[in-house]
Each structure stands twice: as C-alpha cells, then as structure tokens.
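Work through these short exercises with the structure in view. Try each task before you read its solution.

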Amino acid sequence: MQQTTNTILMIRPVNFRMNEQTAVNNYFQEELQLKNAEVNAKAQDEFDGLVEKLRAVGVNVIVENDDIKLDTPDSIFPNNWVSFHQNGNVGLYPMFAENRRRERREEILERLEKEGFEIKNIIDYTSAEDEGVFLEGTGNLLLDRVHDKAYCALSPRADETLFIEFCEDFEYTPVVFTAYQTVDGKRLPIYHTNVMMCLAETFAVICLDTIDDKKERNHVIKNLQEDNKEIIRITVEQMEQFAGNMLQVKGANDKRYLVMSEAAYKSLTATQIAMIEKHCEILYSPLPTIESCGGGSARCMMAEVFLPKA
C-alpha cells in the first residue's frame with residue numbers, strides 16, 4: 001500500500017462564497033466585506049495558482065468544473081464527500097450542510113473512469129444523513145494507508161459509530177479522540193481532523209494542544225510513534241493559520257512534496273520547516289480568500305486518487 005499519490009482531483013469553483021450552512025460549526029470561517037462575485041473570482045485565481053504549482057512539479061491534477069446550477073459554495077473541498085482507494089473502492093460520505101450534499105456528482109466519478117481509473121465498488125454512507133449522522137470523508141478521516149490505521153477527531157461532523165463502521169468496511173484500526181478549540185471562552189470540537197493534523201509517510205504535523213484528554217493525547221502519540229512517524233508539533237496559533245491542513249503528494253520521479261498554503265508556511269518556525277524538509281520539499285501557494293470564506297485550506301482542496309488503472 002502507498003501513503004501518497006501523484007494523482008489529485010480538484011474542483012474549480014463557480015459559486016464560491018462563505019457558506020452560511022457550514023459557518024455554524026466551522027469556526028475558521030470569516031465574513032469578508034466583498035461581493036460574492038468578487039469572492040468567487042479571487043477564489044478561482046487562488047485555485048488556479050495552486051493547480052499550476054502542483055502541475056509544475058509533476059503532480060497529475062484532474063480539474064473538474066463545479067456546476068453553477070447546483071449552487072454549491074464549498075465544492076472546492078471535494079475530499080469531504082468522496083475518497084478513492086487502491087483496491088478500486090470509492091467511499092461516499094454524509095455531509096452536515098444540506099447544500100454540500102449536491103456536491104456528490106456522478107459525472108465526477110465518470111471523469112475518473114475516462115482518465116483511465118477503475119472503480120470496482122462504491123461504499124455509500126450517505127443514507128446516514130436521514131438520521132442526522134455525518135462523517136465528512138478525509139476531512140474527518142486521516143488514513144495511514146500503510147499501517148491500516150484511521151485517525152478521527154469526533155465532532156458534529158464525525159460520528160463515532162459511523163467511523164467504526166467505515167473502519168470495518170475499509171479494514172482500518174480506529175484511533176479515536178476529540179480535538180477542541182476555544183470559541184468565545186468555550187472549548188468546542190474542531191469540525192475536521194485535517195485542520196489540526198496532517199499524516200505523511202514518515203512524519204505527522206499535529207496540534208497536540210487541541211486534544212484535552214491526556215489519555216487520548218497519549219494514545220494518538222503512541223500510535224504515531226509505533227509506526228515510526230516523526231511528530232512535528234504545531235501551536236494553536238499556527239493551526240489557526242492552517243498549518244495542520246497540509247497534504248503530502250508525489251510529483252515527477254516520485255519526489256515527495258508537502259503542500260500547504262502561504263499562510264501556513266509563514267506561520268512555521270525555521271526549526272519546524274527544517275524538520276519537514278528532512279522528509280520532503282515544501283510547496284506553498286497563497287489561498288487567503290479560500291481560507292477566510294471557506295474555513296479550509298490546501299489539504300481540503302485535494303481529493304487523493306489511489307484507484308488502480310483500468
């Protein structure tokens with residue numbers, strides 16, 4: 001099994017704006033004093049800039065356009081509704097915000113088949129939406145594909161029972177915890193695991209200060225150490241600059257890159273950068289509009305494609 005892929009699916013936005021339905025529990029979102037059309041144009045520029053940088057180092061980026069008729073402001077974050085696996089399985093996930101459910105489009109799966117990938121089996125969890133139960137793809141699921149472990153921070157968007165069901169279906173050992181952030185003086189669950197933690201081949205970037213329960217924190221550390229991952233700690237302030245929202249990808253000649261936003265990169269210390277660069281190169285791009293309005297960053301924009309070639 002491989003932990004990293006050189007093929008990424010990205011959805012170019014046509015209607016990007018602050019999604020009022022996700023803002024209720026995504027505390028990373030901010031209102032920008034811009035018209036929606038301006039916000040979307042800026043987001044498109046940021047999106048295109050990241051795609052260009054990825055392609056320049058040899059990452060195979062499959063870009064599909066969003067459908068304007070669907071009015072899906074968060075379609076730029078496809079990793080929440082779908083995951084693609086090496087055995088040809090595809091996971092489809094239940095989404096917290098009703099307007100995000102329209103992001104799941106058959107033609108996106110068809111596009112991957114056109115690109116020569118084989119989809120053998122679709123495992124569909126979306127009926128859980130009827131029960132008000134959610135699990136937002138690799139936003140919530142941090143998959144160690146080599147050691148068959150899945151890390152998940154529970155939240156209104158990550159249901160424990162459904163997470164365990166996923167682990168049984170996809171044969172992962174669950175590592176469960178809750179990660180918190182302080183909002184108006186209250187400790188509230190962070191909406192997605194992938195904003196406080198990034199799992200790469202030989203290291204993990206993680207904000208351990210968000211895991212309030214000491215036993216849970218030690219359990220996460222123990223699992224990472226067991227699998228020889230170097231733990232690179234980030235602070236809460238760095239996490240708020242999306243320094244946890246990173247993804248390791250493969251470029252030309254199987255060269256590894258850790259992809260992040262410019263804000264995330266600028267928040268890192270020289271020591272942290274050196275620690276990361278021992279393992280792979282860093283690739284960063286400015287994503288200020290996407291981060292402010294969407295409350296997500298570089299990692300959320302990339303759905304990794306591990307499917308076999310047909």
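Partly exposed means a relative accessible area between the two cut-offs: buried is under 20% and exposed is over 50%. Keep in mind that this is a predicted model.

**Exercise 1.** Classify Y265 and Y284 by accessibility, then describe their ring pair.

Solution.
- Step 1: Y265 has 22% relative accessibility, so Y265 counts as partly exposed.
- Step 2: Y284 has a relative accessible area of 30%, so Y284 is partly exposed too.
- Step 3: The ring centres of Y265 and Y284 are 4.1 Å apart and the planes are at 10°, so this pair is stacked.
- Step 4: Y265 belongs to helix α7 and Y284 to strand β16, so the pair ties together parts 19 residues apart in sequence.
- Step 5: Look over the face of Y284: K53 lies there, 5.8 Å from the ring centre.

**Exercise 2.** Work out how F166 and F170 are placed in helix α4 and whether each is buried or exposed.

Solution.
- Step 1: F166 and F170 are four residues apart in helix α4, which means about one helical turn separates them.
- Step 2: F166 is buried, because its relative accessibility is 0%.
- Step 3: F170 is buried as well, because its value is 11%.
- Step 4: Ring pairs link both into a cluster with Y93, Y125 and Y172.

**Exercise 3.** Find the largest nonpolar core and its best-connected residues.

Solution.
- Step 1: This core has 38 residues.
- Step 2: Y151, F177, M196 and M197 have the most contacts inside it.
- Step 3: Strand β12 gives the largest share, four residues.
- Step 4: Another core, of 25 residues, lies apart from it and includes F16 and L287.

Methods
Residues numbered from 1 in each chain as written. Predicted model: local features only at pLDDT ≥ 70, side-chain atom pairs only at ≥ 80, totals over all residues. Heavy atoms only, no water. Core = buried A, V, L, I, M, F, W, Y, C linked by side-chain atoms within 4.5 Å. Buried < 20%, exposed > 50% of the residue type's maximum accessible area, 1.4 Å probe, protein only. Helix = DSSP H or I, 4+ residues; strand = E, 2+ residues; numbered from the N terminus. Phe/Tyr/Trp six-rings, centres within 6.5 Å; stacked < 30°, edge-to-face > 60°. Lys NZ or Arg CZ within 6 Å of the ring centre and 35° of its normal.
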